[in-house]
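Please look through the structure shown here and follow the explanation below alongside it. The account begins with a single element and then widens to the chain as a whole.

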Amino acid sequence: MEEYREIVSDVLTTAGGAQAWIEMNLTGYLTKRCSGCGIDEDAEAMAAAMQWLTEHASTCVARQ
């Protein structure tokens with residue numbers, strides 16, 4: 001069974017046309033996600049995750 005996660009940020013379109021966002025699970029752990037490059041990594045804090053999201057969306061050229 002897959003862990004429940006909820007999107008807690010805006011879903012941004014990347015430079016390559018994919019989508020990137022931040023998720024949180026039921027215990028409060030944050031995850032950075034991108035459907036283009038496939039990133040699925042833990043994030044330390046919301047502020048850092050939001051900075052990553054903004055930077056990643058403008059630079060990731062991988063496609064879905």
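In this predicted model, helix H1 comprises 14 residues, and the distance from its first C-alpha to its last is 20 Å, close to the 20 Å expected at 1.5 Å a residue. Five residues of H1 are buried, namely Ala49, Trp52, Leu53, His56 and Ala57. When H1 is viewed down its axis, these buried residues fall within an arc of 120°, so they line one face of the helix. This fits the general rule that an α-helix has 3.6 residues a turn, so residues three or four places apart point the same way. On the face of H1 turned away from the buried side one finds the exposed residues Ala47, Thr54, Ser58 and Thr59. The cover over the buried residues of H1 includes strands E2 (12-13), E3, E4 and E5 (40-43).

The buried side of the helix leads to the nonpolar core. The largest such core in the model has 10 residues, which are Ala20, Ile22, Leu30, Cys34, Ile39, Ala43, Ala49, Trp52, Leu53 and Cys60. At least two residues of this core are supplied by each of strand E3 (19-25), strand E4 (30-34) and helix H1 (46-59), and the largest share, three residues, comes from H1.

Ile22, one of the core residues, gives a view of how these parts meet. With its neighbours within four places in sequence left aside, Ile22 is in contact with Glu6, Ile7, Val8 and Ser9, with Leu30, Thr31 and Lys32, and also with Ala49, Met50, Trp52 and Leu53.

Ala43, another member of the core, is placed in strand E5. Its relative accessible area is 14%, and because buried means under 20%, Ala43 counts as buried. Apart from neighbours within four places in sequence, Ala43 is in contact with Leu30, Thr31, Lys32 and Ala49. Ala43 and Glu23 are 20 residues apart in sequence, while their C-alpha atoms are 9.4 Å apart in space.

The loops add further contacts. Thr14, which lies in the loop between E2 and E3, is buried, with a relative accessibility of 5%. Not counting residues up to four places away in sequence, Thr14 touches Gln19, Ala20, Cys34, Ala57, Cys60 and Ala62; among these, Ala20, Cys34 and Cys60 belong to the nonpolar core, and Ala57 is one of the buried residues of H1.

Ser35 is found in the loop between E4 and E5, and its C-alpha atom is separated by 9.3 Å from that of Thr14, although the two residues are 21 apart along the chain. Ser35 is partly exposed, at a relative accessible area of 27%. Leaving aside neighbours within four places in sequence, the contacts of Ser35 are with Ala18, Gln19, Trp21, Arg63 and Gln64.

The last of these contacts, Gln64, is found in the segment after H1, and Gln64 counts as exposed, with 66% relative accessibility. Even so, Gln64 touches Gly17, Ala18, Ser35 and Gly36, residues up to four places away in sequence not being counted. The C-alpha atoms of Gln64 and Gln19 are separated by 8.0 Å, with their positions 45 residues apart along the chain.

Gly17, touched by Gln64, lies in the loop between E2 and E3 and is partly exposed, having a relative accessible area of 41%. For Gly17 and Gly28 the distance from C-alpha to C-alpha is 29 Å, with the two residues 11 apart in sequence.

These local views can now be set within the whole chain. The chain contains one helix and five strands, and from the N terminus on its elements run β-β-β-β-β-α. A compact globule of 64 residues would have a radius of gyration near 11 Å, and the chain, at 11 Å, agrees with this. The C-alpha trace spans about 30 × 30 × 15 Å along its principal axes. Of the 64 residues, 34% count as buried, and the chain exposes about 4,300 Å², of which carbon and sulfur atoms supply 50%. Finally, among contacts between residues at least 6 apart in sequence, 36% join residues at least 24 apart.

Note on methods. Residues are numbered from 1 along each chain as its sequence is written. This is a predicted model: local features need pLDDT of at least 70, side-chain atom pairs count only at pLDDT 80 or more; totals for chains, interfaces and linings use all residues. Side-chain values use heavy atoms; hydrogens and water are left out. A nonpolar core is a set of buried Ala, Val, Leu, Ile, Met, Phe, Trp, Tyr and Cys residues joined through side-chain atoms within 4.5 Å. Buried means under 20% relative accessible area, exposed over 50%, partly exposed in between (1.4 Å probe, protein chains only). Helices (H or I, at least four residues) and strands (E, at least two) are DSSP runs, numbered from the N terminus. Contact means heavy atoms within 4.5 Å. The expected span of a helix is 1.5 Å times one less than its number of residues. The arc is that of the directions from the helix axis to the C-beta atoms. The radius of gyration is taken over C-alpha atoms; the globule rule is 2.2 Å times the number of residues to the power 0.38. Accessible areas come from the Shrake-Rupley method with a 1.4 Å probe; for residues, only the protein chains shown count as cover.
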